[in-house]
Amino acid sequence: MPYLQETTYRSPFYLFNGHLQTIIPAVMRKVNGISYYRERITTPDEDFLDLDWAFAENKRKTKPSQLAIISHGLEGDSQRPYVTGMVRMLTSEGYDVLAWNYRSCSGEINRQRRFYHIGATDDLHTVVEYVTQMKPEYTEIVLLGFSAGGNITLKYLGEQGALLAPFIKKSVVFSVPLDVKTSSAKISKPQNFIYEQRFLRSLRKKILKKAEIMPQAIDIMPLQTIRKLKEFDDVYTAPLHGFKDAIDYYTQNSSKFFLQGIKVPTLIVNAINDPFLSPECFDQSLVTNLPNVWLQITQAGGHCGFMYQSLQNTFWSETRALSFLKESHL
């Protein structure tokens, strides 16, 4: 489908660059009125995933047949404002929502030696299979994803192809590192130091917790010298998940290589001023000949930001997602 240049979205005047548009919504936004029901399911390898459910506001009047499954970003969870804001929007429009937490992201360290990673579609598949088999009342399922969760979603859709068409009707993703290798390099630039170190602090804590559970399987000594995400991925992420090194991990899991396999209407929204995304993530040639994929580029929005004038109100990303889900794409 054609590349879409977004010209209508404008960020608040006081959020005058991509860093402010990223940080302020992430740190200061509070989304009220979200009440989750948590359900734990077992994975095929005897680990667990925690699923947080939110139900449509009109649940008592009608039984919703629409379900949105939301995948969060790197080191995020179902409580992040970009997730809860989308949950509030969708439940107000009649959707039930399942915001799932990746392994180790729900507040409890997972059981297996592995964690999750930016291309771990097996766990998303477990969630989708659980819903389609155990919740047959949902006749329309849509997928939404943010950042790493957007990459996982696109990769999953591309891997499964037409097999998902009977179950998944549409997908919308935001702030997606379509090229993981170059986006990882961008996060490691000096101007992005604060983001990289925040990720590393969270990841280090999880390695230490995992080592307490299985000290023979996790070597914590390299943590003392790791200063970059690529170093962490070389030492931990890649070997723990069966990849040769960080570059092999990035290459095999970049969603841009899976777009051609997507068979359901899918919208990708990336902002030019996103501090995390490399130029390769705005390559319109990636979708030019794809009948089911739209790439929409905004000038502003930051990373998982897209704020209108108020932190409390609906964000542009939420209204854009809803409009795409309601559009006809026959």
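## Salt bridges, cores and overall build

In this predicted model, Arg38 and Asp50 pair up in a salt bridge, with 3.8 Å between the closest N and O atoms. Arg38 sits in strand E2 and Asp50 in strand E3 (residues 48-54), so the bridge ties together parts of the chain that are 12 residues apart in sequence. The two partners differ in how much cover they get. Arg38 has 40% relative accessibility and counts as partly exposed, because that value falls between the 20% limit for buried and the 50% limit for exposed. Asp50, on the other hand, is buried, with a relative accessible area of 3%.

That pair belongs to a longer list, as the structure holds 18 salt bridges. Another one joins Glu318 to Arg29, and here the closest N and O atoms are 2.9 Å apart. This bridge links distant parts of the chain: Glu318 is in helix H9 (residues 316-326), Arg29 is in the loop between H1 and strand E2 (37-42), and 289 residues separate them. Glu318 and Arg29 are both buried.

A third bridge runs between Lys256 and Asp179, whose closest N and O atoms lie 2.6 Å apart. Lys256 is in the loop between helix H8 (246-253) and strand E8 (266-271), while Asp179 is in the loop between strand E7 (168-174) and helix H5 (180-187), so this pair ties together parts that are 77 residues apart in sequence. Asp179 is down at 8% relative accessibility and counts as buried. Salt bridges also link up into a network, made of Asp45, Asp47, Arg103, Arg114, Asp122 and Asp123.

Stepping back to the whole chain, there are nine helices and nine strands. The radius of gyration is 19 Å, close to the 20 Å that the globule rule gives for 330 residues, so the chain is as compact as a globular protein of that length. Its C-alpha trace spans about 55 × 45 × 40 Å along the principal axes. Of the 330 residues, 58% are buried. Contacts reach far along the sequence, too: among those between residues at least 6 apart, 77% join residues at least 24 apart. On the outside, the chain exposes about 14300 Å², and carbon and sulfur atoms supply 55% of that area.

Inside, the largest nonpolar core has 58 residues, and those with the most contacts within this core are Leu51, Ile69, Leu98, Trp100, Val131 and Ile268. Helix H6 (residues 193-213) gives the core its largest share, six residues. Ile69 shows what such a position looks like up close. Setting aside neighbours within four places in sequence, Ile69 is in contact with Leu98, Trp100, Leu124, Val127, Val128, Val131, Ile141, Val142, Leu143 and Leu144. Apart from this core lies another one, of 31 residues, with Ala54, Leu144, Phe174 and Phe324 among them.

Helix H9, home to Glu318, is mostly covered, with eight of its 11 residues buried. The buried ones in H9 are Trp316, Ser317, Glu318, Arg320, Ala321, Leu322, Phe324 and Leu325. Phe324 is thus mentioned twice here, as it is also one of the residues in the 31-residue core.

Not every nonpolar side chain is tucked away. Ile23, Val27 and Met28 make a nonpolar surface patch of about 250 Å². Met28 is found in helix H1 (residues 18-28), and this residue is partly exposed, with a relative accessible area of 46%.

Finally, two spots in the backbone deserve a look. Most residues other than glycine have a negative phi. Ser175 has a phi near 55°, a positive value in a residue other than glycine. Ser175 lies in the loop between E7 and H5, and at 0% relative accessibility it counts as buried. Cys304 likewise has a positive phi, near 55°, and is not a glycine either. Cys304 is placed in the loop between strand E9 (293-298) and H9, where this residue is buried, with a relative accessible area of 12%.

Conventions
Residues numbered from 1 in each chain as written. Predicted model: local features only at pLDDT ≥ 70, side-chain atom pairs only at ≥ 80, totals over all residues. Heavy atoms only, no water. Core = buried A, V, L, I, M, F, W, Y, C linked by side-chain atoms within 4.5 Å. Buried < 20%, exposed > 50% of the residue type's maximum accessible area, 1.4 Å probe, protein only. Helix = DSSP H or I, 4+ residues; strand = E, 2+ residues; numbered from the N terminus. Contact = heavy atoms within 4.5 Å. Patch = residues over 30% accessible without salt bridge, like charges linked within 9 Å, V, L, I, M, F, W, Y side chains within 5 Å. Areas by Shrake-Rupley, 256 points an atom, 1.4 Å probe, with all protein chains shown as cover. Salt bridge = Lys/Arg side-chain N within 4 Å of Asp/Glu carboxyl O. Rg over C-alpha atoms; globule rule 2.2 N^0.38 Å.
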